[in-house]
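Reader: I want to know how each label here was earned. Show me the structure, then let me press you on the terms.

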Amino acid sequence: MTLDRATLDVVDSGFQHRPELLRGSGSPVDAEPFLHPGWEHVAGALISGADVANHPHPPGHDFMLFPNPNAAPPYTERQLPVGREWRLAPLVEGGYQIVEVIEHSKRIAIARLFHATTQENARKILATGFVDCSRELHQGRWYSGVWLAEVSLFELEPLILLVSMPEDLVRQYELPGDQGYRRWLVPAEVINRHATIVEFPRRAKPHPGSSGNPQVGSETRS
Amino acid sequence: MRNLFAVDDPNADAAYKDIRAPKGEGAAVARANCDDLWRDFAPYASEHFRVEFRRHFHQRWFEMYLAVALLRAGLTIECPPKGAPDVRVQHRDGRVLWLEGIAPTGGDESTSDRVVQPRATPGESSVAYYVPRDQIAIRICGALREKAARLMAYRQRGVIGPEHQAVVAINVRGIPDAALRGRTFRACCNLRTGATVHDA
């Protein structure tokens, strides 16, 4: 890729075919093994770039599967419906062309919300899950559930739990009002079934810039 | 289900220790991610998994991540004990596909082609540097070759049947700069000043 130094625009880009690489010692390394004999027993390579702190939801959304076109037995298209996979077609002049990148999964945004509580209640919640304990009157109707907020309110309680769950599931439980931060009243049953709950360290601060963002505290990194 | 982080092991991997008792938001989120995966993976984990998870954190984490990704895609899996690839996928039509996972690193000092991430000198501004694309590709090819040989051995021993498929799953996160999703460079000069920047 070539950039214009004045505008930072990309002015050129491309790929270079490198069938062989050289080690520091000078010995060659086969960079396209699937095109050579001796690899028929491997149906493909699945590449992942995730780690414990940076993994997408659903798990495997980062996967890229490169099928071995010469494998026996070969990988069948869409056999591993996770992440993405290359579809190859043979070229007349030899070799293969990538004709499509098949996308299998759709990213799920995860909301990271906070629940302020006591030490004793936190122990119970982590052991057996939440119970509905708060009520809110809204438009003449009472709602019950568990309070969650976009900020860690250590000024209210000594302990904060971090509740992580798919954003789509919590969206409908957001409460109206102007408290200076966004709040949700989520049924305990929904949290217990779908959320992961961990203790949030006192010294940590929620992700900056989350306030006012429709995807509050959610993971957006790839 | 037993807690994945129940044991306070003084010999544990640093990442395990950080995530077991999170001191920052990143570690708390990582803990939540782990607990989320463990909820599905626990029934498939071998009896030694939790010990190995403490000692070889990233490698075992990837094994768990791979298995859960396949499970949540609706596949039927098994995670056999030692002596077989990491995951066996049983398709409804009777086909079997095996996955053997590996999480290579940048290599140690004895490796001439090791990949090292330059660090800025304390007190100085960050530096730009060439990403060693060839060395990264060599590390990935090496991992693929190592596991292809392992799969061949499994086939020769009859663990993987002749009609079974086998895939190598490579997690490249442990190789510095390998997970840039094709953007395989950081910069070759300072774009603001135009100053040439060399590898640190």
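Author: Start with contact. Two residues are in contact if their C-beta atoms, placed from the backbone, lie within 7 Å. Keep in mind that this is a predicted model.

Reader: Which residues is Ala149(A) in contact with, leaving aside its neighbours within four places in sequence?

Author: They are Leu113(A), Phe114(A), Tyr181(A) and Arg183(A). Ala149(A) itself lies in β11(A), residues 141-149.

Reader: Why is Ala149(A) called buried?

Author: The cut-off is 20 or more other C-beta atoms within 10 Å. Ala149(A) has 22, so it is buried.

Reader: How far is Ala149(A) from Pro56(A)?

Author: Their C-alpha atoms are separated by 23 Å. Along the chain, the two are 93 residues apart.

Reader: What makes β7(A) and β8(A) a pair of strands?

Author: Pairing needs at least two bridges. Seven bridges join β7(A), residues 84-90, to β8(A), residues 96-103, so they pair. The two run antiparallel. One bridge sets Pro90(A) opposite Tyr96(A). The strands form a hairpin with five residues between them. In that turn, Gly94(A) has a positive phi of about 100°.

Reader: What about β6(A) and β7(A): how many bridges, and in which sense?

Author: Two bridges, and the strands run parallel. Pairing asks for at least two, so β6(A), residues 64-67, qualifies as a partner of β7(A). Met64(A) stands opposite Arg84(A) there.

Reader: Which strands pair between chain A and chain B, and how do you know?

Author: β5(A) and β4(B), residues 165-171, are joined by five bridges. With at least two required, they count as paired. Their sense is parallel. Ser48(A) has Asn171(B) as its bridge partner.

Reader: How many residues does each chain give to the contact?

Author: Chain A gives 47 residues and chain B gives 52. On the side of chain A, the elements that give two or more residues are β4 (28-30), β5 (44-48), β12 (159-166) and β14 (196-200). The largest share, five residues, comes from β5(A). By class, that side has 28 nonpolar, 12 polar and seven charged residues.

Reader: Now chain B. What is its pattern along the sequence?

Author: The pattern is α-α-α-α-β-β-β-α-β. That comes to five helices and four strands. Of the 200 residues in chain B, 37% are buried. Among its contacts with a separation of 6 or more, 62% are between residues 24 or more positions apart.

Reader: How do you know that the length of α4(B) agrees with that of a helix?

Author: α4(B) has 16 residues, 57-72. At 1.5 Å a residue it should span 22 Å. The end C-alpha atoms are 22 Å apart, so the two values agree.

Reader: What makes α4(B) mostly covered, and what follows it?

Author: 13 of its 16 residues are buried. Each of those 13 therefore has 20 or more other C-beta atoms within 10 Å of its own. After α4(B) comes Gly74(B), with a positive phi near 90°.

Reader: Where do the domains of chain B lie, and how many residues touch?

Author: The domain assignment gives domain 1 as 1-74 and domain 2 as 77-200. 10 residues of domain 1 are in contact with 12 residues of domain 2. The side of domain 1 has six nonpolar, three polar and one charged residues.

Conventions. Residues are numbered from 1 along each chain as its sequence is written. Chains are lettered from A and ligands numbered from 1 in the order in which they are written. This is a predicted model: local features need pLDDT of at least 70, side-chain atom pairs count only at pLDDT 80 or more; totals for chains, interfaces and linings use all residues. Ala, Val, Leu, Ile, Met, Phe, Trp, Tyr, Cys and Pro count as nonpolar, Asp, Glu, Lys and Arg as charged, and the others, Gly among them, as polar. Domain bounds come from an automatic or database domain assignment. The expected span of a helix is 1.5 Å times one less than its number of residues. A residue is buried if 20 or more other C-beta atoms lie within 10 Å of its own, exposed if 12 or fewer, and partly exposed in between; C-beta atoms are placed from the backbone.
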